[in-house]
Amino acid sequence: MKAVRNFAIFVSTIFVLALFFKLNQTPPSAYEHHAEAKYNYYTVDGDTEQELRDSLNRNGIPAGPGRSYDGYTRWYIKWNWKTDTNQNGQCYISGVDTSLDITYTLPQWKYGRGDEASLVVKWEQYIEALTLHEEGHGEHGINCEREIKEALQNLPPEDSCNSLNQKANMAAREVLHKWQRADKDYDAETGHGVTQGAKFP
Ligand SMILES: [Zn+2]
């Protein structure tokens with residue numbers, strides 16, 4: 001009996017946020033699973049809507065000439081699998097291990113007592129909407145990891161491990177591309193969250 005370990009890493013970059021608690025839920029399957037989410041904040045300041053907008057533009061995430069994103073999410077999935085040989089001499093996947101890392105970058109305005117209440121309310125609503133939009137992207141990463149696990153686990157045995165390994169990587173990449181497209185479509189449909197209220201001012 002021989003066991004071979006295969007390994008692949010893929011990265012996807014998207015622009016939004018997800019909920020941490022969702023990643024901590026017990027996975028529904030028996031597969032190995034590791035998930036981590038990290039939050040980074042950049043500081044913005046200002047006393048008016050326009051000053052805050054200017055600060056967002058200056059300190060946000062660069063997105064090409066003259067452009068920036070207020071929020072940013074990067075999800076990163078690793079997968080690997082083990083193969084073994086069954087009684088018929090066929091190569092099969094005997095174990096799957098995946099991990100998901102999500103890093104969120106979001107703005108933070110440390111308002112104080114001197115700041116206008118209506119501006120604070122408007123800001124809070126904005127952050128809530130931005131968070132909602134980012135949650136949608138985060139769900140894509142979570143779904144992608146789960147579907148990659150399932151795709152690998154469900155592959156039928158092959159006569160050769162080479163062939164099985166190729167099919168495994170193809171299957172995983174296909175799922176990855178599907179969810180990368182889903183992120184792009186989501187941003188196109190929502191205008192990066194504008195239709196969900198993620199617009200300031
Ligand atoms: Zn987005």
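This is a short talk that walks through one protein structure, from the overall layout to a few single residues.

Hi everyone, and thanks for coming. Please keep in mind that we are looking at a predicted model.

Let's start with the overall layout. The protein has four helices and six strands. If you follow the sequence, the order is β-α-β-α-β-β-β-β-α-α. Of the 201 residues in the protein, 29% are buried. Now think about contacts between residues at least 6 apart in sequence: 76% of them join residues at least 24 apart.

Next, the strands. Please find S5, residues 72-85, and S6, residues 91-109; the two run antiparallel and are joined by 14 bridges. Which residues pair up here? Trp 75 has Ile 102 in S6 as its bridge partner, and Thr 73 has Tyr 104 in S6. While you look at these strands, here is a handy rule: side chains in a regular strand alternate between the two faces of the sheet. Between S5 and S6, the hairpin has five residues, and Gly 89 in this hairpin takes a positive phi near 80°.

Now to the inside of the protein. The largest nonpolar core has 23 residues, and the ones with the most contacts inside it are Ile 77, Ile 148, Leu 152, Ala 172 and Leu 176. Where do the residues of this core come from? S5, S6, H3 and helix H4 each supply at least two of them. There is also a second, separate core of eight residues, and among them are Val 44, Leu 52, Trp 123 and Tyr 126.

Let's look at H4 on its own. This helix has 30 residues, and from its first C-alpha to its last it reaches 43 Å, close to the 44 Å expected at 1.5 Å a residue. Which residues of H4 are buried? They include Cys 161, Leu 164, Ala 168 and Ala 172, and further along, Val 175, Leu 176, Trp 179 and Asp 183. As you read that list, remember that an α-helix has 3.6 residues a turn, so residues three or four places apart point the same way.

Just after H4 comes Gly 191, with a positive phi of about 60°. His 192 also sits in the segment after H4, and it has a positive phi of about 55° although it is not a glycine. Is His 192 buried or exposed? His 192 counts as buried because it has 20 C-beta neighbours inside 10 Å, and 20 or more is the cut-off for buried. Pro 201 lies in this segment after H4 too, and the peptide bond leading into it from Phe 200 is cis, with omega near 0°.

One last residue: Gln 125, which lies in helix H3, residues 117-153. Why does Gln 125 count as partly exposed? Because it has 13 C-beta neighbours inside 10 Å, whereas a residue with 12 or fewer would be exposed. Gln 125 and Gly 197 are 72 residues apart along the chain, and 8.2 Å separates their C-alpha atoms.

That's my tour, and I'm happy to go back to any part of it!

Methods
Residues are numbered from 1 along each chain as its sequence is written. This is a predicted model: local features need pLDDT of at least 70, side-chain atom pairs count only at pLDDT 80 or more; totals for chains, interfaces and linings use all residues. Two strands pair if DSSP finds at least two bridges between them. A nonpolar core is a set of buried Ala, Val, Leu, Ile, Met, Phe, Trp, Tyr and Cys residues joined through C-beta atoms within 7 Å. The expected span of a helix is 1.5 Å times one less than its number of residues. Two residues are in contact if their C-beta atoms, placed from the backbone, lie within 7 Å.
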